[in-house]
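User: I should like to go through the reasoning behind several labels attached to this model. Please set each value against its criterion.

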Number of protein chains: 2
Amino acid sequence: MMELTRKGDYAIRGIVYLAGQPLDKISLLSDIAAAVQVPQTFLAKIFQQFSKSGIVKSYRGTGGGFMLARPPEQITLLEVVEAVEGPITPNRCVIAAGECERDSICTVHPVWARVKQQTRSLLAEVSLKDLAGI
Amino acid sequence: MMELTRKGDYAIRGIVYLAGQPLDKISLLSDIAAAVQVPQTFLAKIFQQFSKSGIVKSYRGTGGGFMLARPPEQITLLEVVEAVEGPITPNRCVIAAGECERDSICTVHPVWARVKQQTRSLLAEVSLKDLAGI
DNA sequence: ATATAAAGGGACTATCACAGTCCTTTTAGG
DNA sequence: CCTAAAAGGACTGTGATAGTCCCTTTATAT
């Protein structure tokens, strides 16, 4: 239970690397992939998701690459994880009330809600600045 | 991320049902399965794990079945979940130091350790008595 | 204009964990 | 010794994960 996927792991590695680079430097995907030891084609998919979530800005063509969309202290670990893994939901029931028919009688429900809330707020307190050790 | 499997869900349903029964009553697997709407053969595997973990006591043969091994207030949700899902580990690195080679440089590591610790202690505070609403 | 260097995006594949099923064996009572 | 239960092993279908491959789009440099 509660395991981060390899994709999530790679995502964090990649973005933390980016956070460690000079703010206005555009990094090549190939460089990032080599530095953090992740297959480049796979990392490409991950950075596409980052781009859509507004965590990174991408530039195409010659001289293109990736940059953080905001300074590292304004990007949280929660954002990064949820960008690639989707919302954190310890139990399907937590997604939305009524998702399971046993809802009304389910005393476990509120416990998962607390786990979710607690975890999200912990991850929200950690920024890329912290992780990059700047 | 962080999703409880269906097995874990079923496990909780089954054990909470048992906690709601009279303390010394031996319940049939077939009854439990029917009550909580889980395939009996699948629930059988789950209760075998419970039995090995010492959460329930099993009796074979005619008149056999299952009973909680301890009173409901002495069995925690953490025990139940870990019995069937294994240890709660948000990230492979958290399992043991040195599991990943990037260990020493990995600033994310301590964050996962906190998530793990926090979640475990929350689940440890909830007993079957609470869940069964006794 | 055209060659080139990048990211974007779609389609495809292999592997593995999850979610079960089925069948045989063991244990206990009547 | 027959029957009722759990124990255990072997097997299977399905879906998510973890990629790969190839083509398209966009931008720059010559």
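User: Which element supplies the largest share of the surface near DNA strand D?

Analyst: In this predicted model, H3(B) provides the largest share of that surface, with 4 residues. Other contributors of at least two residues include helix H1 (6-19) of chain A and strand S1 (56-59) of chain B.

User: What makes a residue part of this surface, and how many residues surround DNA strand D?

Analyst: The criterion is a heavy atom within 4 Å of the strand. There are 24 residues around DNA strand D, and Tyr10(A), Arg60(A), Leu29(B), Lys45(B) and Ser58(B) are the closest. By class, the surface near DNA strand D holds 7 nonpolar, 10 polar and 7 charged residues. On the side of DNA strand D, 65% of the atoms within 4 Å of the protein belong to sugar or phosphate, and the rest belong to bases.

User: Why is the approach of Leu29(B) to DNA strand D called a polar contact?

Analyst: A polar contact requires a pair of N or O atoms within 3.5 Å. A backbone N or O atom of Leu29(B) is 2.9 Å from a phosphate oxygen of DNA strand D, so the pair qualifies. A polar side-chain atom of Thr62(B) is found 3.3 Å from a sugar or linking oxygen of DNA strand D.

User: How do you know that the two copies are related as by a two-fold rotation axis?

Analyst: Chain B superposes on chain A by a rotation of 180° with 0.0 Å of shift along the axis, at an RMSD of 0.0 Å. The two copies are therefore related as by a two-fold rotation axis. Within chain B, Met2(B) comes closest to that axis, its C-alpha being at 1.6 Å.

User: What shows that the copies meet through the same surface?

Analyst: Of the interface residues of chain B, 100% are also interface residues in chain A, so the same surface is used by the copies.

User: Why is Gln118(A) called buried?

Analyst: The cut-off for buried is under 20% relative accessible area. Gln118(A) has 16% relative accessibility and therefore counts as buried. Gln118(A) belongs to helix H6 (residues 109-124) of chain A. Beyond its neighbours within four places in sequence, Gln118(A) contacts Gln118(B), Thr119(B) and Leu122(B).

User: How do you know that S1 and S2 of chain A pair?

Analyst: Pairing needs at least two bridges. Strand S1 (residues 56-59) and strand S2 (residues 65-68) of chain A have 4 bridges in the antiparallel sense, so the condition is met. Val56(A) has Leu68(A) as its bridge partner in S2(A). The two strands form a hairpin with 5 residues between them, and Gly61(A) in the turn has a positive phi of about 80°.

Conventions
Residues numbered from 1 in each chain as written. Chains lettered and ligands numbered in written order. Predicted model: local features only at pLDDT ≥ 70, side-chain atom pairs only at ≥ 80, totals over all residues. Heavy atoms only, no water. Polar contact = N/O pair within 3.5 Å; in protein donor to acceptor, adjacent residues only side chain to side chain. Nonpolar A, V, L, I, M, F, W, Y, C, P; charged D, E, K, R; others polar. Least-squares fit on C-alpha atoms with pLDDT ≥ 70 in both. Contact = heavy atoms within 4.5 Å. Buried < 20%, exposed > 50% of the residue type's maximum accessible area, 1.4 Å probe, protein only.
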